[in-house]
Amino acid sequence: MERKKFLRTLGAGAAFAITFPCLGSCSKDSEIEGEIVTQPTNVDFTIDLTSSEAAKLANNGGFILKNLVVVVKNLEGEFVAATQICSHEQYDQVRFVNQDGGIFYCDVHGSRFSQNGTPLNEIPNSTSKALKIYNTSLVGSILRVFE
């Protein structure tokens with residue numbers, strides 16, 4: 001076999017050997033850690049703020065996840081609750097982050113939402129739908145989250 005032909009064959013084989021595993025590992029499924037789930041309905045639950053479950057709500061900026069809802073004590077000390085399901089593609093990865101005064105953020109595609117659910121960025125191929133926000137009511141140490 002001639003040297004040029006050998007190098008050409010080796011080059012194509014090496015390129016295939018390097019590219020094929022990368023293509024397999026770069027698929028959409030391997031990048032996304034969350035699950036696609038249905039938005040919860042008839043949300044109505046309580047949290048005892050003195051319980052260990054609510055420990056992260058003691059500080060401003062803290063949040064917990066319960067019943068597919070992100071319950072937050074925002075940076076101003078007010079309680080806010082939003083669905084954990086992103087309105088972009090329904091992944092269960094919405095969290096609260098202490099950026100820009102406190103926002104809801106989905107790390108699957110970078111969706112950002114204000115505390116009232118308004119989309120803060122445009123995600124390609126999305127409808128720019130608002131994030132579902134729930135009502136909260138505090139009586140003593142019992143926080144109620146409801147529709």
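This is a short dialogue on reading a few features of a predicted model.

Biologist: Let's begin with strands. How should I read the side chains along strand β2 (residues 63-66), and which of them are buried?

Modeller: In a regular strand the side chains alternate between the two faces of the sheet. Here, Ile64 and Lys66 point to one face and are buried, whereas Phe63 and Leu65 point to the other and are not.

Biologist: How many bridges join β2 to strand β3 (residues 69-73)?

Modeller: Four bridges join them, and the two strands run antiparallel. As one example to look up, Ile64 has Val71 as its bridge partner in β3. The two strands form a hairpin with two residues between them. While you are there, look at Asn67 in the turn, with its positive phi of about 55°.

Biologist: Now the aromatic rings. How many aromatic pairs does a search of the whole structure find?

Modeller: The search finds one. Phe96 and Phe104 form that pair. A pair of aromatic rings is described by the distance of the centres and the angle of the planes. For Phe96 and Phe104 the values are 5.6 Å centre to centre and 70° between the planes. Edge-to-face applies because the angle is over 60 degrees.

Biologist: And are Phe96 and Phe104 buried or exposed?

Modeller: Phe96 has a relative accessible area of 5%, so it counts as buried. Phe104 is buried too, with a relative accessible area of 0%.

Biologist: What sits over the ring of Phe146?

Modeller: That is the charged end of Arg144, 4.1 Å from the ring centre.

Biologist: Let's try a loop residue. Where is Ser87, and which residues is it in contact with?

Modeller: Ser87 lies in the loop between β4 (79-83) and β5 (94-97). Its relative accessibility is 11%; buried means under 20%, so Ser87 counts as buried. Leaving aside neighbours within four places in sequence, Ser87 is in contact with Phe113, Lys129, Ala130 and Leu131. With Lys129, a polar atom of the Ser87 side chain lies 2.7 Å from the backbone oxygen.

Biologist: Leu131 is on that list. Where is Leu131 found?

Modeller: Look in the loop between β7 (111-113) and β8 (133-139). Leu131 is buried, at a relative accessible area of 3%. Beyond its neighbours within four places in sequence, its contacts include Ser87, Val94, Phe104 and Phe113. Gly117 is another contact of Leu131. Those two residues are 14 residues apart in sequence, yet 4.4 Å apart in space, C-alpha to C-alpha.

Definitions and conventions. Residues numbered from 1 in each chain as written. Predicted model: local features only at pLDDT ≥ 70, side-chain atom pairs only at ≥ 80, totals over all residues. Heavy atoms only, no water. Buried < 20%, exposed > 50% of the residue type's maximum accessible area, 1.4 Å probe, protein only. Polar contact = N/O pair within 3.5 Å; in protein donor to acceptor, adjacent residues only side chain to side chain. Contact = heavy atoms within 4.5 Å. Phe/Tyr/Trp six-rings, centres within 6.5 Å; stacked < 30°, edge-to-face > 60°. Lys NZ or Arg CZ within 6 Å of the ring centre and 35° of its normal. Pairing = 2+ DSSP bridges.
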